[in-house]
Amino acid sequence: MPHISLHTPLGELTVFEAEGSIVALDWGRAPKGEVTPLLQRAADQLQDYFDGLRTGFDLKLAPEGTEFRRKVWAALTRIPAGQTRSYLDIAREVGCRAPRAIGQANGANPIPILIPCHRVIANDGTIGGYSGGEGLSTKRFLLALEARAVSQHNADPLPLFGRSPTPAAEGH
């Protein structure tokens, strides 16, 4: 299966492609494999994400899972970067009465980061769980990374010379 491994602040990640779509992201490095244009685009977008230059991804994803899990994962992709939703919020969005099922779908997410399961927290506002990388420290890192990137993108540009023209100076 075509794949690409890349070094990130979270360690080595490997992205896998099948039939023209990203199907998995695993923690760790895989032996060198075939690199397709889609995989190279995924690696470039992930590097931009970790550099704080990107908060979302423009990649064709095809996670394998039950219809319910795919519905949950689709809902996760609609959570804006820098924001979180509770397991209960996602359960309500997908028409499920069991937030625990949302947690199970999150834990089974085959494409973490690209499908942002790290943006789902407990109903009481605590961080909840995370099965990727180093667990909760990885989740905290991703949430903080996105908060910084969103903050940078929303900041007003600084004036070039540090002051604005005064009315008297405008006529000269």
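**Figure 1. The whole chain in this predicted model has 6 helices and 5 strands.** Follow the chain from its N terminus and you will meet the elements in the order β-β-β-α-α-β-α-α-β-α-α. The protein chain has 172 residues, and 41% of them count as buried. Its accessible surface comes to about 9900 Å², with 52% of that belonging to carbon and sulfur atoms. Now look at contacts between residues with a separation of 6 or more: 57% of these join residues 24 or more positions apart.

**Figure 2. Here we zoom in on Tyr-49 and Phe-50, an aromatic pair.** A search of the whole structure finds 2 aromatic pairs. In the pair of Tyr-49 and Phe-50, the ring centres are 5.3 Å apart and the planes meet at 75°. That geometry is edge-to-face, because the angle is over 60 degrees. Are these two residues buried or exposed? Both Tyr-49 and Phe-50 are buried. Tyr-49 has 1% relative accessibility, so it counts as buried.

**Figure 3. This view shows Tyr-49 with another ring partner, Phe-57.** Their centres lie 5.2 Å apart, with 45° between the planes. The pair is called tilted because its angle is neither under 30 degrees nor over 60. Phe-57 reaches 24% relative accessibility, so it counts as partly exposed.

**Figure 4. Put the rings together and you have one aromatic cluster, made of Tyr-49, Phe-50 and Phe-57.** Which residue pairs with Phe-50 edge-to-face? It is Tyr-49, and Tyr-49 also forms the tilted pair with Phe-57.

Conventions. Residues are numbered from 1 along each chain as its sequence is written. This is a predicted model: local features need pLDDT of at least 70, side-chain atom pairs count only at pLDDT 80 or more; totals for chains, interfaces and linings use all residues. Side-chain values use heavy atoms; hydrogens and water are left out. Rings of Phe, Tyr and Trp (its six-membered ring) pair if their centres lie within 6.5 Å; planes under 30 degrees apart count as stacked, over 60 as edge-to-face and the rest as tilted. Buried means under 20% relative accessible area, exposed over 50%, partly exposed in between (1.4 Å probe, protein chains only). Helices (H or I, at least four residues) and strands (E, at least two) are DSSP runs, numbered from the N terminus. Contact means heavy atoms within 4.5 Å. Accessible areas come from the Shrake-Rupley method with a 1.4 Å probe; for residues, only the protein chains shown count as cover.
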